[in-house]
Every structure is written in C-alpha cells, then in structure tokens.
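Student: I am new to this structure and would like a close look at a single part of it. Could you take me through one sheet, strand by strand, and then show me what surrounds it?

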Amino acid sequence: GLILRAAADPQALAVQAADLIAERVRVKPELSLLVATGSTPMLTYAELARRVQAGTLDLSRVTAVQLDEYLGPDSLGLDDTDQRSLWGWMQRSFVGPLRITRTVRFQFGEDAQQTCTHYDAQVSALGGIDLAVLGLGPNGHLGFNEPPSGPDAPTRVVPLSPESQVSNRVYWDREVPRQAVTAGMTVILAARASLLLVTGEHKRSVLRRVLNGPATPELPASLLGGPDVTVLADRAALGSA
Ligand code: GLP
C-alpha cells in the first residue's frame, strides 16, 4: 500500500508535501500531526508557513506532536534553550511560523521512561496520529528508532548509533547527544497516514532499500506499509531507482 511520488527537486517536493498536508487539514481541521525535525522537511514547513501567513491555510485546530528528542548526560531532556533541543527546533520551524496552538511534546521529569509513558498516554488521548510527517535516516531510522527496531518497538529511551551521531553533526557545531527518546514504531505505524520525505543523492541507496528490499527491523523505514503511506522523493534521491 505504498505510493511513490517523485518531485523534480527539494522545492517542488516541498510544494507537493504542503499540498498533501493542506488537503488532509481541509478534510479534518483537527488533524493530529506527528512532526519530524531534521533537514529534509524544512522547505515543506516554510511552504506551509507561507500559506498560513497568506491566509490561505489555517492550522489553528491542528495538534502537532513531537517525534523525538535528545537526552543530555543526566538522561533527561535538553534544556529548551539548548540550540540542539529538537523541541526548540520544532518551535522555531513549525509551531511558531505555522501558528500552531496545540502541541504534544516529551515532558521531562525525574525519569525518562515515565516521560515516554506520559507521551504515549497523550497520543492515545488525542485518538492517535492522523498523519505522520517523517524523514528518512541515512541508516533507515524513523524518528530515533535505530536499526534494529521492529514493529513492536515502543516509545522509549534509545542510545544513538555512531552513524546517527555522525549524520546529526550537520545540524550544529556542538557535540551530538548520545541518547534520545523517540516515538515508538508502535506510534508511527499506527498513524492513519504517513508521508515520508526523502531528498538528496546521499539518501539514494537507503531509499532504494526501503522501496525494493524486504521489510525488516534492520531498516525500520521498510516497515511502513499501512493503507495510506506516501513516499515523496526528489530526483536526486530516486536516481534511476
Ligand atoms: C534524524 C532525526 C529524524 C529525521 C532523520 C532524517 O536523525 N532523528 O527525525 O527525520 O534523522 O534527518 P534529515 O532530514 O536531516 O536527513
């Protein structure tokens, strides 16, 4: 049940992704949206922001749900003002410019596992996720569901793989945290729809494995396969696949 759509380049992809998201919100204004950070969706969020600011799109009834977050050395969330905080990034790139009023985030207290339990309860109270907007890790991760993550992998604390520590280094010039919390594969795969955004030649080989290979926990993105999964990729990522 996976629909593959091609875009000429990252900007064309952003317009197509924004069109898809806007259409879902038109059908259901109270959409619950799982929101990835990372480089890939930034042009899409900017395109959505343009529409909101132009008054042609209203996201005020949408609930934006955080996908993942780094943990500091104390095994709790980073300070909101830490430039590496993914919640901070989601605020700057999505919640603020898109004028989102309802959010679900990882809330840190004394124990990160409790944070995960509380997160799952908040997502359940929302009625689950309507649309998951996802990026593709170079190692096939979704959120921080590092390989191997099977379909039952819960919302949890995860050590970041050496590969993810390297790939996340481009976001800022500070040390990449060693641990994170992530929405489980359980949450992601239960989403009623998902949109996987993939751009750039550096994603070509992993995308090919997602599209052609067997579904395996070794490549968590390959487990996407519900009735309403769209993979939107640009030419550089598709190559001749
Ligand atoms: C990161 C994040 C994911 C993101 C993915 C792809 O490590 N944990 O949420 O979707 O990897 O990132 P990018 O879009 O920067 O390639």
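Tutor: Happy to! Let us begin with a term we will need: two strands count as paired if DSSP finds at least two bridges between them. Please keep in mind that this is a predicted model.

With that in hand, look at strand E7 and at strand E8, which covers residues 179-182. Four bridges join these two strands, and they run antiparallel. You can pick out one partnership by eye: valine 157 has valine 181, in E8, as its bridge partner.

Now widen the view to the whole sheet. It is an open sheet of three strands, in the order E4-E8-E7, with antiparallel pairing. Strands E4 and E7 (156-159) stand at the edges and have a single partner strand each, so one side of each is left without a neighbour in the sheet. From one strand to the next, the twist averages 30°. As background, strands of a sheet pair through backbone hydrogen bonds, and they may do so in parallel or antiparallel fashion.

Next, follow the chain out of the edge strand E4. E4 spans 68-71, and a loop lies between this strand and helix H3 (86-95); aspartate 79 is found in that loop. Is aspartate 79 buried or exposed? A residue counts as exposed if 12 or fewer other C-beta atoms lie within 10 Å of its own. Aspartate 79 has 12 such atoms within 10 Å, so this residue is exposed. For a sense of distance, try finding alanine 22 as well: 57 residues separate it from aspartate 79 along the chain, and their C-alpha atoms are 32 Å apart.

Let us step back to the protein chain as a whole. Its secondary structure comes to eight helices and ten strands. The radius of gyration is 17 Å, close to the 18 Å given by the globule rule for 241 residues, so the chain is as compact as a globular protein of that length. Along the principal axes, the C-alpha atoms fill a box of roughly 45 × 40 × 35 Å. Of the 241 residues, 44% are buried.

There is a ligand to find, too. It is surrounded by 15 residues, and the closest are Ala36, Gly38, Ser39, Thr40 and Gly135. By type, this shell divides into nine polar residues, five nonpolar and one charged.

Finally, a word on confidence. The protein chain has an average pLDDT of 96, with 99% of the residues scoring at least 70. For the model, ipTM is 0.96 and pTM is 0.97.

Notes: Residues numbered from 1 in each chain as written. Predicted model: local features only at pLDDT ≥ 70, side-chain atom pairs only at ≥ 80, totals over all residues. Buried ≥ 20, exposed ≤ 12 C-beta atoms within 10 Å, placed from the backbone. Near = placed C-beta within 6 Å. Nonpolar A, V, L, I, M, F, W, Y, C, P; charged D, E, K, R; others polar. pLDDT = per-residue confidence, 0-100. Axes fitted to C-alpha atoms, helices over the stretch in contact; angles between N-to-C directions. Rg over C-alpha atoms; globule rule 2.2 N^0.38 Å.
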